[in-house]
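Q: I am a first-year student, and I would like a close look at a single part of this protein, taken slowly and step by step.

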Amino acid sequence: MSPILQVSDLSKSFGGLKVTKGVNLTVNTGERHLLIGPNGAGKTTVFNLITGVYQPTSGAVIFNGKPLAGLRVNEIVELGIARTFQN
C-alpha cells in the first residue's frame, strides 16, 4: 500500500494559542480513518490545515506525493482533496 496522505508534525498557533501540535497521520490508498475528540480539541483545525483553509505554523501535508504547502484552496481541490461544511 502506498500513502495517499501524509501529515507530518503538523502544528498551528493563533497568536499565543497552540491549537494543534505535532499531528502525524498516514493514510494509505484504500484506508479510512476518523478523527475524534471533544469540542475544542482541534479536529476542524486539522481538516482546515489539510485542505489549505489555514496554513500550518509548522509541519507538512503531502497528498499523492505532492506537498500542499503554499497552495491555494482551489489548487488543492484540483488535486482531489476537499472538505465540506456542516449546515
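How many nonpolar, polar and charged residues are there in the lining of the largest cavity?

A: Please keep in mind from the start that this is a predicted model, and that the values below are computed from it.

By class, the lining of the largest cavity holds nine nonpolar residues and three polar ones, while no charged residue takes part in it. The search that found this space counts one cavity of 30 Å³ or more, and the volume of the largest cavity is about 80 Å³. If you want to find its wall in the structure, look for Leu49, Ile50, Gly52, Tyr54, Gln55 and Pro56, and then, further along the chain, for Gly59, Ala60, Val61, Leu68, Ala69 and Ile76. Two elements give two or more residues each to this lining, namely helix H1, which covers residues 43–50, and strand E3, which covers residues 58–63. Of these, E3 supplies the largest share, with three residues.

It helps to set the cavity beside the largest pocket, for which a volume of about 510 Å³ is computed. This pocket is lined by 20 residues, and those that lie nearest its centre are Leu5, Leu25, His33, Phe47 and Ile50. Ile50 is therefore a useful residue to select on screen, because it appears in the lining of the largest cavity and also among the residues nearest the centre of the largest pocket. At least two residues of the pocket lining come from each of E1, strand E2 (17–28) and H1, with H1 giving the most, five residues. When the pocket lining is sorted by class, it divides into 13 nonpolar, five polar and two charged residues, whereas the lining of the cavity has no charged residues.

From these spaces we can turn to the surface, where Val53, Val73 and Val77 form a nonpolar patch whose accessible area comes to about 210 Å² together. Val77 is part of helix H2, which runs over residues 73–79, and it counts as partly exposed because its relative accessibility is 43%, which falls between the cut-offs of 20% and 50%.

Charged side chains can be followed in a similar way. Side chains of opposite charge can pair when their charged atoms come close. A search of the whole structure finds one salt bridge, and it joins Glu75 to Arg72, with 3.8 Å between the closest N and O atoms. Glu75 is partly exposed, because its relative accessible area is 25%, while Arg72 is exposed, because its relative accessible area is 52%.

Lastly, two residues deserve a look for their backbone angles. Asp9, which belongs to strand E1 (residues 3–14), has a phi near 50°, a positive value in a residue other than glycine. Asp9 counts as partly exposed, because its relative accessibility is 46%, and its C-alpha atom is separated by 19 Å from that of Leu71, a residue 62 positions away along the chain. Asn64 also has a positive phi, about 50°, although it is not a glycine. Asn64 sits in the loop between E3 and strand E4 (66–67), and it counts as exposed because its relative accessibility is 53%.

Methods: Residues numbered from 1 in each chain as written. Predicted model: local features only at pLDDT ≥ 70, side-chain atom pairs only at ≥ 80, totals over all residues. Heavy atoms only, no water. 1 Å grid on protein atoms, 1.4 Å probe; cavity = no way out; pocket = protein on both sides within 12 Å on 5 of 7 lines; lining within 4 Å. Points joined across faces, edges and corners; volume = space filled by probe spheres on them. Helix = DSSP H or I, 4+ residues; strand = E, 2+ residues; numbered from the N terminus. Nonpolar A, V, L, I, M, F, W, Y, C, P; charged D, E, K, R; others polar. Patch = residues over 30% accessible without salt bridge, like charges linked within 9 Å, V, L, I, M, F, W, Y side chains within 5 Å. Areas by Shrake-Rupley, 256 points an atom, 1.4 Å probe, with all protein chains shown as cover. Salt bridge = Lys/Arg side-chain N within 4 Å of Asp/Glu carboxyl O. Buried < 20%, exposed > 50% of the residue type's maximum accessible area, 1.4 Å probe, protein only.
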